[in-house]
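These are my notebook entries from a reading of one structure. I went from the whole chain to its parts, and I wrote each item down as I looked it up.

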Amino acid sequence: MSDSIYPWQQSAWQQLQTLRSRMPHAILFHGAAGTGKADFIERFAQSLLCEAALPDGHACGQCASCGWFQQANHPDYRRVRPEALEDELPAEGEEGEAETKKSAKSSKAPSREIKIEQIRNLADFMNISTHRQGLRVVVLYPAEALNLPASNALLKTLEEPPPGTVFLLSSNSLDRLLPTILSRCRKFALPMPSHQEALAWLKAQGVPDADSWLREQGGAPLTALAQSEGGNREELEILLQMLARPSVESALKVADKLQKLPLSTQVSCLQRWLYDVFSYKLAGNIRYYPRYQKELAQLADKIHVSRLLAVIKRANERRAVAEHPLSPKLFLEDMLLDYAASCA
């Protein structure tokens, strides 16, 4: 089972094993998005429930407990995450509710929050004896998706943890969590892979132009893989060329061409581009788009800092509403025209 975690997580896995002798009731794994934290804690959860764990701490993959875990129906395991992240399979213990939930989801956009009902639903699970006389394990991610009522409900549980229950939480951003939740969890940092490690892994997955994808996603290999599989490289290049040579005319043309490309993807691309302009202007560094160094240098030399900061601020504000704009086309036109005007 040693291949069930990513290469850059091997040392973190070994370090984690030192906690087993005195297992905390709650561990908060934190690190950059897109580096495999959710997969890591799922594997650790399986190993905690395994009845014949291997010497290196990995689950055996052969016992009854591992069989249940792999079939997503282990009676002593629960996973809590936003509805928007749920896959087609019903969550543990909810097989009978699958069709009802599917019908409910189809009528409205799935929530991106973890709600208080999801935390309250853990009560019955935690108040019954375990099926295998071992631990109960609750995996929750991303922890920053907890809305305020859910955060307060979870806090009450963490303040008086049920015996034999381990919470494994994951977060991309600790500063978005309640300090009281942070104080009741053992924090465990998961590493960002080196560029060489991440690039080697992406190439092993058969990702074409892996270096560009990796740089554009800030070194996060899983995000780079997901973006490469989205098949939108051509559309992103159209957007990047417009950002490199901004004008009102090109902004309107590109907005018309890219209506099918997710707005969140386009706003994130603009944010990264503006970061590179700002970084080059202040320090001569480029993080995301080194192949556009000439164009970035020209823009950095041309645009005033106050204008650049203003357009960065507006891009950040747009990212917050990009999932549900009133009019996607007008949203995109406004964003690109605003950028072009700022660069004039």
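Entry 1, the whole chain. I began with the contacts between residues at least 6 apart in sequence, and found that 71% of them join residues at least 24 apart. I note here that the model is a predicted one. For the secondary structure I listed 17 helices and five strands, and for burial I found that 48% of the 344 residues are buried. Taken along the principal axes, the box filled by the C-alpha atoms comes to roughly 70 × 45 × 35 Å.

Entry 2, the sheet. In what order do the five strands lie in the sheet? I read the order as β2-β3-β4-β1-β5, in an open sheet with parallel pairing. β2 and β5 (186-189) are at the edges with a single partner strand each, so each of them has one side without a neighbour in the sheet. Ignoring direction, I found neighbouring strands of this sheet turned against each other by 20° on average.

Entry 3, the pairings. I then went through the bridges pair by pair. Strand β2, residues 77-80, is joined to β3 by four bridges and runs parallel to it, and in this pairing Val80 is opposite Leu140 of β3. On to strand β4, residues 165-171: β3 pairs with it over five bridges, again in the parallel sense, and here Leu140 stands opposite Leu169 of β4. Leu140 thus has Val80 opposite it and also Leu169 opposite it. Strand β1, residues 26-30, is joined to β4 by five parallel bridges, with Ala26 opposite Phe167 of β4.

Entry 4, helices on the sheet. I looked up two helices that pack on the sheet. Helix α2, residues 37-49, touches β1, β2, β3 and β4, and its direction makes about 170° with that of β4. Helix α7, residues 148-159, touches β1, β3 and β4, with a direction at about 140° to that of β4.

Entry 5, strand β3. Is this strand, residues 136-140, mostly covered or mostly uncovered? I found it mostly covered, with five of its five residues buried. In a regular strand, side chains alternate between the two faces of the sheet. For β3 I noted Arg136, Val138 and Leu140 pointing one way and Val137 and Val139 the other, all of them buried.

Entry 6, a helix pair. I turned next to helix α14, residues 263-283, and helix α16, residues 305-321, which pack at an angle of about 155° with axes 10 Å apart. Since angles over 145 degrees count as roughly antiparallel, α14 and α16 are therefore roughly antiparallel to each other. Their crossing is left-handed. By class, the contact between α14 and α16 holds 11 nonpolar, four polar and three charged residues. On the α14 side I listed residues including Val267, Leu270, Leu274 and Phe278, and on the α16 side residues including Leu308, Ile312, Ala315 and Arg319.

Entry 7, Thr265. My last look-up was a residue placed in helix α14, Thr265. Why does Thr265 count as buried? Its relative accessibility is 13%, and the limit for buried is under 20%. Setting aside neighbours within four places in sequence, I found Thr265 in contact with Gln227, Asn232 and Leu236.

Definitions and conventions: Residues numbered from 1 in each chain as written. Predicted model: local features only at pLDDT ≥ 70, side-chain atom pairs only at ≥ 80, totals over all residues. Heavy atoms only, no water. Axes fitted to C-alpha atoms, helices over the stretch in contact; angles between N-to-C directions. Parallel < 35°, antiparallel > 145°, perpendicular 65-115°, else oblique. Left-handed = near helix turned anticlockwise from the far one by under 90°. Contact = heavy atoms within 4.5 Å. Nonpolar A, V, L, I, M, F, W, Y, C, P; charged D, E, K, R; others polar. Buried < 20%, exposed > 50% of the residue type's maximum accessible area, 1.4 Å probe, protein only. Pairing = 2+ DSSP bridges.
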